[in-house]
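Reader: I would like a close look at one part of this model, with the geometry spelled out. Please start from the aromatic side chains and work outward from there.

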Amino acid sequence: ADIAETPGYPEVVGDIRLLRTLRAFDHDVEDSAEAFRAHLAVRCSHGLDAVRERIMAAWGEDLWNLRCEMLPHGELVSRYMPEAFVFAVTSAGDPVGLGLWGQGRPSAFVHEVEGWQDKFMEYYIFVNEARMMLIDQASREQGRLVHFVHIFDLENWSLVGNSDRSWTAFTTERTRPVGETYHDCNSTFVAIRTTAWARMAYSVIKPILPKKVSDKIYLMDDDFAASSFARELLDAETLERLSRRAFSLPVRRSQEGRAVIRPRQSFACPVVVP
C-alpha cells in the first residue's frame, strides 16, 4: 500500500494523521513510514475506505452524536459489552468515551451469538474508523491535536467473568492487529470503581506495557469524583453523572434525528434539521 494510491481523506492522509503517526514513534521517520504503510494495508484488507464512506454518508459532521448502538451489530454487541462512543467532553474539548466493563459479558457473547467473530469485527472496525474521523474533525475545528479520553467503569468486574480463551485469542489475533494501526488517538485511560480483581490483573500486565501506554493509565476507586485529577479532567456535571451511574447520553448538537448503519450496506436515516 502506498500513500499516492490512497484516497485523499484528510483523517487518513492529512497532515494531522501523519503527525499522529510521527508522535507515536517518537518522530522516527522510518518507523513511522513502516507503521503508516501497515495501516494502509489494513485499510485494503478490511475495506476501511468503504467503511469510512458509510460513516460519512450517515453522520458527516455530526459524529459527536454517534451512538455505538447505531453501528453494524451495535445493538447486539452493546447488550453484552456496553459502551458510549462519546459520553462527555473534557474541559479542554476532548471527547470522553465510556466503557461499562463491569457489565461486560464477553464469554456469554462468544457462546450465545452465532457468527460472533465476524459480527464483532465489523462493529470494531466501524468504531475505530469513526473515532479517528471524529478526532481529526475536532482537531481541525479546535486548531490543536484532539485525543480521546477513555473511562472504564469496573464496578463488579472480575477475572472469572472476563476470562474466555476464545475471546482472548480473537482479540489478540484479529482485533488488536487492526486497532494497533490507529496511532496517537488516546491521551488518557481512567478506570473508576476499580475492583481488587482488576487491580490484580493490571499488576500482571503492567510490566509488559510500553511506558508511554502505562503512563496514560489511572486506576481510581469509588471516590474518584473527589480526586483533583478527575475534577481537572471532567466538569462537575459529568462527574455527577458518573457517580449516579447515569449513563444515558444527551444530544450535544442542534441537529436532531437518528441514523442506523446496518450490516450489508442497508441504511435507515430519518433526520430533522431545524
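Which residues form one aromatic cluster?

Author: The model is predicted. Tyr 80, Phe 109, Trp 116, Phe 120, Tyr 123, Tyr 124, Trp 167 and Phe 170 make up one aromatic cluster. Over the whole structure, the search for aromatic pairs returns 16. One of them joins Phe 109 and Trp 116: the ring centres are 6.3 Å apart and the planes meet at 75 degrees, so this pair is edge-to-face. The cut-off for that label is an angle over 60 degrees. Phe 109 has 0% relative accessibility and therefore counts as buried. Trp 116, at 10% relative accessibility, is buried as well.

A further pair in the cluster is Trp 167 with Phe 170, and its geometry is tilted, with 5.7 Å from centre to centre and 40 degrees between the planes. These two residues are 3 apart in helix 8, which spans residues 165-179, so about one helical turn separates them. Trp 167 and Phe 170 are both buried.

The cluster shares residues with the largest nonpolar core. That core has 43 residues, and the members that touch the most others are Leu 66, Phe 85, Phe 109, Phe 120 and Trp 167. Two or more residues each come from helix 4 (48-59), helix 5 (74-80), strand 1 (83-89), helix 6 (106-112), helix 7 (116-142) and helix 8. Helix 7 is the main contributor, giving 14 residues. As a general point, nonpolar side chains in soluble globular proteins tend to be buried together.

Leu 66 is a useful place to look at the contacts of this core. With neighbours within four places in sequence left aside, Leu 66 is in contact with Trp 59, Leu 71, Phe 85 and Ala 130. Another core, of 18 residues, lies apart from the largest one, and its members include Ala 88, Val 190, Ala 230 and Phe 247.

Helix 7 also carries charged residues. Glu 129 forms a salt bridge with Arg 43, with 2.7 Å between the closest N and O atoms. Glu 129 is in helix 7 and Arg 43 is in helix 3 (residues 29-46), so this salt bridge ties together parts that are 86 residues apart in sequence. Both Glu 129 and Arg 43 are buried.

Asp 118 pairs with Arg 174 in a salt bridge whose closest N and O atoms are 3.6 Å apart. Here Asp 118 belongs to helix 7 and Arg 174 to helix 8, so the parts tied together are 56 residues apart in sequence. Asp 118 is exposed, with a relative accessible area of 54%, whereas Arg 174 is partly exposed at 31%.

A third acidic residue, Asp 136, is found in helix 7. Its relative accessible area is 3%, so Asp 136 is buried. Not counting residues up to four places away in sequence, Asp 136 touches Pro 10, Glu 11, Ile 16, Arg 17 and Arg 20. Of these, Glu 11 is also linked with Arg 52 and Glu 53 in a network of salt bridges.

Some charged groups pair with rings instead. Arg 131 lies over the face of Phe 148, 5.8 Å from the ring centre. Arg 241 sits over the face of Phe 87, at 4.0 Å from the ring centre.

For context, the whole structure has 18 salt bridges. One of them joins Asp 215 and Lys 211, with the closest N and O atoms 2.7 Å apart. Asp 215 is partly exposed at 44% relative accessibility, and Lys 211 is exposed at 60%.

The chain as a whole has 12 helices and 9 strands. It has 274 residues, of which 49% count as buried. Among contacts between residues at least 6 apart in sequence, 74% join residues at least 24 apart. The accessible surface of the chain comes to about 13800 Å², and carbon and sulfur atoms account for 53% of that area.

Note on methods. Residues are numbered from 1 along each chain as its sequence is written. This is a predicted model: local features need pLDDT of at least 70, side-chain atom pairs count only at pLDDT 80 or more; totals for chains, interfaces and linings use all residues. Side-chain values use heavy atoms; hydrogens and water are left out. Rings of Phe, Tyr and Trp (its six-membered ring) pair if their centres lie within 6.5 Å; planes under 30 degrees apart count as stacked, over 60 as edge-to-face and the rest as tilted. Buried means under 20% relative accessible area, exposed over 50%, partly exposed in between (1.4 Å probe, protein chains only). Helices (H or I, at least four residues) and strands (E, at least two) are DSSP runs, numbered from the N terminus. A charge sits over a ring if NZ of Lys or CZ of Arg is within 6 Å of the ring centre and within 35 degrees of the ring normal. A nonpolar core is a set of buried Ala, Val, Leu, Ile, Met, Phe, Trp, Tyr and Cys residues joined through side-chain atoms within 4.5 Å. Contact means heavy atoms within 4.5 Å. A salt bridge is a side-chain nitrogen of Lys or Arg within 4 Å of a carboxyl oxygen of Asp or Glu. Accessible areas come from the Shrake-Rupley method with a 1.4 Å probe; for residues, only the protein chains shown count as cover.
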